[in-house]
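Morning, everyone. I have one structure to walk through today. Please have it open as I talk.

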There are 2 protein chains.
Amino acid sequence: MLSQVVELIENKNRFGITTHIKPDGDGIGSSLGLCWLLKSLGKSAEVIVRGEIPPAYQNLPGAEEVRDIESVDRDYDAIFVIECSDLDRPGIKGLEHEFTVNIDHHSTSAHFGTVNWIDSTASAVGEMIYNLCKAIGGRVTREIAECVYMALVTDTGSFHFSNTTDRTLKVASELVKAGVKPADISEAVYSNYPWSRIELMRQVLDTVKRDETGRVASLRQTLKMRETSGAVDGDNNGFVNIPLAARDVLACVYMREIGENQYRVSLRSKGDINVAKVAERFGGGGHRNAAGLRIDGDWDEKERELIEAVREAVEYGEAVAAGDITVAPDVF
Amino acid sequence: MLSQVVELIENKNRFGITTHIKPDGDGIGSSLGLCWLLKSLGKSAEVIVRGEIPPAYQNLPGAEEVRDIESVDRDYDAIFVIECSDLDRPGIKGLEHEFTVNIDHHSTSAHFGTVNWIDSTASAVGEMIYNLCKAIGGRVTREIAECVYMALVTDTGSFHFSNTTDRTLKVASELVKAGVKPADISEAVYSNYPWSRIELMRQVLDTVKRDETGRVASLRQTLKMRETSGAVDGDNNGFVNIPLAARDVLACVYMREIGENQYRVSLRSKGDINVAKVAERFGGGGHRNAAGLRIDGDWDEKERELIEAVREAVEYGEAVAAGDITVAPDVF
């Protein structure tokens with residue numbers, strides 16, 4: 001709970017802060033924001049992350065001081081673990097012997113920490129860090145504000161997603177008052193790709209098609225496209241959403257070749273259409289409107305199977321929306 | 001001024017509200033929001049617009065009651081003219097004989113109204129309508145909130161652009177509190193295109209390239225692409241921004257064929273790079289980071305000229321950012 005976190009910050013002095021590997025904007029933004037907050041309270045604090053921080057977040061204040069470590073190598077009074085479903089996610093050895101503070105906004109959290117503060121009403125952990133700052137009587141400095149704003153923007157898809165609440169926007173307003181320039185944060189996130197992203201997008205978009213109902217779109221990415229475009233991890237962020245700009249397209253299947261007859265698949269959908277259920281049928285998982293899976297076999301055949309399964313989900317979702325179905329069959 | 005607007009609303013009863021033809025989200029959202037506000041105050045009010053409302057805004061509350069008229073055909077005590085640079089922009093005859101109230105957030109407004117309320121610190125006229133609602137003691141109903149939120153989202157590029165202030169986000173927060181679902185508004189704007197947009201994007205993106213410096217990207221759209229994709233107006237919204245996702249690309253030139261050897265050109269840039277100045281050199285105009293022009297001639301040749309001019313602007317912008325130039329030459 002928040003009150004426990006406030007108390008332990010007041011009673012301890014040396015803090016480590018970590019988040020999952022390949023951190024997203026909420027993971028790294030919240031970690032850095034918390035680090036600035038702790039320092040402003042006169043505490044010793046540092047962010048420790050396994051591996052590199054994605055380019056979009058490398059210009060956040062304090063990012064240059066993040067330490068890339070394999071196992072806990074210093075003496076901390078407590079380690080904050082930000083936005084992690086379990087203690088393995090940071091990929092840092094030795095965390096299990098530490099006093100850990102689990103801060104997360106996912107209701108599915110395993111409550112693995114010595115102390116756990118889970119608030120599933122928060123749009124992002126960043127929102128919780130802001131609340132912590134207020135609760136502890138800290139000042140929202142420009143550094144804290146920039147880090148926390150990054151967390152909010154990335155976890156709400158720039159205030160597009162349904163997790164955006166009036167509190168999210170109120171906090172965002174306060175952060176801008178504290179010195180954030182929204183355009184700078186947006187540019188760091190959305191205009192920070194290598195050119196290879198554009199080249200890869202050109203090639204992937206060239207494969208776009210719709211099924212015969214016009215409701216399910218699909219995209220393909222071959223290994224060769226990655227090679228010829230010189231693409232790096234993250235270059236294809238959001239490609240799966242492009243066909244959803246069409247009003248009649250209710251779901252999209254994006255297959256990426258990762259080896260011979262091996263594919264990673266992203267599924268996206270609108271509204272009531274549950275692609276998590278589709279992913280589960282194929283051994284994957286995810287959220288209602290964003291899910292993923294791995295699949296092996298003949299490309300055309302597997303694509304046909306996936307599109308068919310997604311189309312069933314679309315038809316079911318439409319029937320629910322129309323009030324034609326009120327009891328769910330097992331599969332959805 | 002705001003106080004004058006409050007007073008005239010209190011003293012008059014029958015209001016018309018209009019905005020420019022092909023209204024954007026701020027034009028139509030603010031008009032409808034104001035209409036709901038006036039009605040909630042017991043006044044007679046209606047929105048009159050020349051031509052059709054783009055699909056993205058047709059589901060706003062009250063949009064179905066907007067009247068498409070060619071000339072003023074009813075008796076109004078006053079007509080609000082929303083987000084128009086002059087009295088011709090609505091394309092409705094007879095406005096010049098009316099008592100008009102010019103509400104705009106562009107500092108360049110011609111002050112053409114009987115009463116003028118210009119607030120260039122507002123991110124959108126929507127923000128002004130919210131302020132008006134508060135000033136007049138109105139209640140922010142769900143209808144008002146949805147219309148005004150649409151105005152904010154579209155004029156700030158989903159709170160990305162540099163016009164986003166802490167007040168913008170504070171107002172957005174209040175609107176969500178009043179019942180707006182941000183995801184619904186976003187979907188109406190960004191997922192409401194015909195499939196032709198996707199097909200057109202595929203074809204246009206296939207022409208993407210960079211100049212030899214890697215800083216200026218370009219895109220082409222032929223008449224044939226429009227034809228084969230079945231594209232309609234607005235389908236290419238935002239294409240010009242796609243290459244700017246690459247961090248090294250600082251500007252983009254997007255040429256659209258509109259007749260034999262005739263092109264409409266959009267220019268976009270990042271940061272200090274002033275493409276308005278480039279557009280002006282070619283007889284066009286616009287803002288620092290978003291400008292446009294028309295040009296005739298051989299495609300390759302004109303594209304070369306434009307790219308060269310934009311590259312000069314890029315080099316100049318970089319020199320300014322680096323502090324190497326402090327006095328602007330005539331051209332920028």
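Two residues are in contact here if their C-beta atoms, placed from the backbone, lie within 7 Å. Keep in mind that this is a predicted model.

Start with the two chains. On that cut-off, 40 residues of chain B are in contact with 41 residues of chain A. Which helices of chain B each supply at least two residues to that side? They are α5 (166-177), α6 (182-190) and α7 (196-205). The largest share comes from α5(B), with seven residues. By class, the side of chain B that touches chain A has 20 nonpolar, 10 polar and 10 charged residues.

Stay with α7(B) for a moment. Is it enclosed or open? Seven of its 10 residues are buried, so α7(B) is largely enclosed by the rest of the structure. The buried ones are B:R197, B:I198, B:E199, B:L200, B:M201, B:V204 and B:L205. What do they pack against? One partner is α7 (196-205) of chain A; the others are β8 and α8 (223-229) of chain B.

Now helix pairs within chain B. Two packed helices are described by the angle between their axes and the distance between the axes.

The first pair on my list is α2 (residues 25-40) and α3 (residues 125-135) of chain B. Their axes come within 8 Å and cross at roughly 15°. Angles under 35 degrees count as roughly parallel, so α2(B) is roughly parallel to α3(B). The crossing is left-handed. From α2(B), the contact uses B:D26, B:G29, B:S30, B:G33, B:L34 and B:L37. From α3(B), it uses B:V125, B:G126, B:I129, B:L132 and B:C133. Those residues divide into six nonpolar, four polar and one charged.

Next, α4 (residues 142-155) of chain B against α5(B). The angle is about 150°, and the axes are 10 Å apart. Over 145 counts as roughly antiparallel, so that is how α4(B) lies relative to α5(B). This crossing is left-handed too. On the α4(B) side, look at B:A145, B:V148, B:Y149 and B:L152. On the α5(B) side, look at B:T168, B:V171, B:A172 and B:L175. By class, this contact has seven nonpolar residues, one polar and no charged. Remember that α5(B) also gives seven residues to the side that touches chain A.

On to the sheet. In what order do the six strands of chain B run? The order is β7-β8-β9-β10-β12-β11. The sheet is open and the pairing is mixed. At the edges stand β7 (209-210) and β11 (285-286) of chain B. Each has a single partner strand, so one side of each is left without a neighbour in the sheet. Further in, β8 (residues 216-221) and β9 (residues 251-259) of chain B run parallel, joined by six bridges. B:A217 stands opposite B:C252 in β9(B).

A helix packs on this sheet: α10 (residues 299-321) of chain B. The strands touched by α10(B) are β8, β9, β10 (262-269) and β12 (290-296) of chain B. Its direction makes about 155° with that of β9(B).

One last residue, B:A319, sits in α10 of chain B. Why is B:A319 classed as partly exposed? It has 14 other C-beta atoms within 10 Å, and partly exposed lies between the cut-offs of 12 or fewer for exposed and 20 or more for buried. The C-alpha atoms of B:A319 and B:D272 are separated by 9.8 Å. Along the chain, those two are 47 residues apart.

Methods: Residues are numbered from 1 along each chain as its sequence is written. Chains are lettered from A and ligands numbered from 1 in the order in which they are written. This is a predicted model: local features need pLDDT of at least 70, side-chain atom pairs count only at pLDDT 80 or more; totals for chains, interfaces and linings use all residues. Helices (H or I, at least four residues) and strands (E, at least two) are DSSP runs, numbered from the N terminus. Ala, Val, Leu, Ile, Met, Phe, Trp, Tyr, Cys and Pro count as nonpolar, Asp, Glu, Lys and Arg as charged, and the others, Gly among them, as polar. Axes are lines fitted to C-alpha atoms, for helices over the stretch in contact, and angles run from 0 to 180 degrees between N-to-C directions. Angles under 35 degrees count as roughly parallel, over 145 as roughly antiparallel, 65 to 115 as roughly perpendicular and the rest as oblique. A crossing is left-handed if the near helix is turned anticlockwise from the far one by less than a right angle, and right-handed if clockwise. Two strands pair if DSSP finds at least two bridges between them.
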